[in-house]
Amino acid sequence: MTFLAATALPWWAIALIAVASFLVFNLLVYLILVPHVVFHFTVYRNPKKRSRECTNKKDADQVRMFEEGVAWAESQGDRRLPIEIVHDGLNLKGEFIDFGAKKCAVILQGRTESLLYSYYFAKPYAELGYDILVVDLRAHGLSDGKYQTGGLKEAGDIVAWIDYVRERFHVESFLFHGICIGAATSVYAARLLEERGYPPVEKVVCDGLYATYFKMFERNFASFKKKAFPMLHLTFLLARIYAKADFFANRPIEAVGKLQCPILLIYSAEDVFCPREDGESIYREATNPKSRLLFLPKGRHSHVRSLNTEAYDGAIKEFVPA
């Protein structure tokens with residue numbers, strides 16, 4: 001009997017090895033490829049593909065909001081100024097609407113959108129006498145960057161923008177208005193300014209602020225009828241490796257608990273990503289007694305003003321001068 005014949009495996013063993021190999025291969029594909037796909041669509045932006053176009057042209061409401069914002073910006077004529085800074089090795093682009101005021105509203109859009117989208121929220125602040133600062137966050141619009149970090153690194157960029165605007169336009173006070181990730185960035189930036197001894201931010205207005213980044217993404221997975229584990233955990237791990245950002249530590253609710261200035265929290269009763277319990281939990285952490293919590297009846301996440309424009313703007317005009 002030859003050695004080869006003596007060591008030959010029975011057919012069932014060969015079949016078992018083949019099945020096991022197939023399962024291991026598919027598991028590796030699932031655990032490696034799929035998280036990279038999720039990471040690619042949620043965190044990564046190809047640095048060569050920069051655009052300020054509306055990112056969801058199939059969504060009629062989003063297109064309308066975008067176009068209304070652009071139309072308002074274009075109506076400002078030569079008061080609308082392109083500006084840019086360099087921070088953290090990135091060329092960052094922005095625009096400033098100069099009404100000659102000593103106070104400025106910083107409006108920060110949600111994930112994937114450019115500064116043009118932020119203009120949709122500018123009108124009530126202009127009517128209150130504020131200059132307007134809008135920016136392409138890192139890895140958004142025309143700004144540099146491969147990765148968005150949900151406000152963690154963007155907050156430092158915003159502090160740099162504040163320094164620039166304060167020096168160039170002699171602005172003395174600021175307030176923030178943020179939508180979703182822009183809301184988280186607003187809270188983190190306001191807290192950074194307080195920690196560094198800057199004159200405190202007047203107010204922060206947050207539209208759809210999430211309690212934790214993990215919970216919001218977990219609900220995103222649920223909206224596609226998918227379990228968060230282990231894909232979300234692996235995606236966050238990739239963010240730690242590539243973007244050098246700890247998404248598990250992205251917890252705006254904790255920053256709100258340290259914030260000294262008043263905060264207005266605006267939500268829609270129809271928001272499935274930042275539901276009522278999140279808004280109530282965040283509001284309980286607010287330390288300033290002038291803070292307010294508002295639930296409006298209509299509108300999905302980031303589209304609250306669209307269906308409640310009068311009430312939305314009215315709440316801002318009531319909260320900001322108070």
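This is a tour of a predicted model, stop by stop, with a selection to make at each one.

**Whole chain**

Start with everything shown as a cartoon. The protein chain has 13 helices and eight strands. Turn the C-alpha trace along its principal axes, and the spans are about 95 × 40 × 40 Å. Colour by burial next: of the 322 residues in the protein chain, 52% are buried. With a surface displayed, the accessible area is about 15,500 Å², and carbon and sulfur atoms contribute 60% of that. Among contacts with a separation of 6 or more, 76% are between residues 24 or more positions apart.

**Helix α2 and a nonpolar patch**

Select V24, L27, L28, Y30, L31 and I32. Together these residues form a nonpolar patch on the surface, with about 530 Å² of accessible area. Centre on Y30, which belongs to helix α2, residues 11-42. The relative accessible area of Y30 is 38%, so Y30 is classed as partly exposed.

**Salt bridges**

Now show charged side chains. The whole structure contains 22 salt bridges. Select R50 and D144, whose side chains form one with an N to O distance of 2.6 Å. R50 sits in the loop between α2 and α3 (60-74), and D144 in the loop between β4 (131-135) and α6; the two are 94 residues apart, and the pair links distant parts of the chain. Do the two partners count as buried or exposed? R50 is partly exposed at 38% relative accessible area, while D144 is buried at 12%.

Move to D278 and R219. Their closest N and O atoms are 2.9 Å apart in a salt bridge. D278 is in helix α11 (residues 276-285) and R219 in helix α8, so this pair ties together parts 59 residues apart in sequence. D278 is buried, with 7% relative accessibility.

The next pair is D246 and R240, a salt bridge in which the closest N and O atoms are 3.6 Å apart. D246 is partly exposed, with a relative accessible area of 28%, and R240 is also partly exposed, at 47%. To finish this stop, select R52, R80, E95 and D136, which are joined into one network by salt bridges that share partners.

**Helix α7 and E194**

Select E194, in helix α7 (residues 181-195). Its relative accessibility is 11%, so E194 counts as buried. Add R191 to the selection: a polar contact of 3.1 Å joins the side chains of E194 and R191. What else does E194 touch, leaving out residues up to four places away in sequence? The list is K258, L259, Q260 and C261.

**Two cysteines**

C261, one of the residues touched by E194, leads to the next selection. Display the sulfur atoms of C261 and C206. Why is there no bond between them? The sulfur of C206 is 9.0 Å from that of C261, its closest cysteine sulfur, and this is too far for a bond because a disulfide needs the sulfur atoms within 2.5 Å. C261 is likewise in no disulfide, and the structure as a whole holds zero. C206 is buried at 0% relative accessible area; C261 is buried at 5%.

**Backbone stops**

The last selections concern the main chain, so switch side chains off. Most residues other than glycine have a negative phi, and most peptide bonds are trans. The stops below depart from that pattern.

- Select H170, in the loop between α6 (154-169) and β5 (173-179). Phi of H170 is positive, near 60 degrees, and the residue is not a glycine.
- Select F229 and P230. The peptide bond from F229 to P230 is cis, with omega near 0 degrees. P230 is placed in the loop between α8 (213-223) and α9 (231-243).
- Select K244, in the loop between α9 and α10 (252-256). K244 is not a glycine, yet has a positive phi of about 55 degrees. With a relative accessible area of 58%, K244 is exposed.

Conventions. Residues are numbered from 1 along each chain as its sequence is written. This is a predicted model: local features need pLDDT of at least 70, side-chain atom pairs count only at pLDDT 80 or more; totals for chains, interfaces and linings use all residues. Side-chain values use heavy atoms; hydrogens and water are left out. Patches are made of residues with over 30% relative accessible area and no salt bridge: like charges are joined within 9 Å, nonpolar side chains (Val, Leu, Ile, Met, Phe, Trp, Tyr) within 5 Å. Accessible areas come from the Shrake-Rupley method with a 1.4 Å probe; for residues, only the protein chains shown count as cover. A salt bridge is a side-chain nitrogen of Lys or Arg within 4 Å of a carboxyl oxygen of Asp or Glu. Helices (H or I, at least four residues) and strands (E, at least two) are DSSP runs, numbered from the N terminus. Buried means under 20% relative accessible area, exposed over 50%, partly exposed in between (1.4 Å probe, protein chains only). A polar contact is a pair of N or O atoms within 3.5 Å; within protein, one must be able to donate a hydrogen and the other to accept it, and residues adjacent in sequence count only if both atoms are side-chain atoms. Contact means heavy atoms within 4.5 Å.
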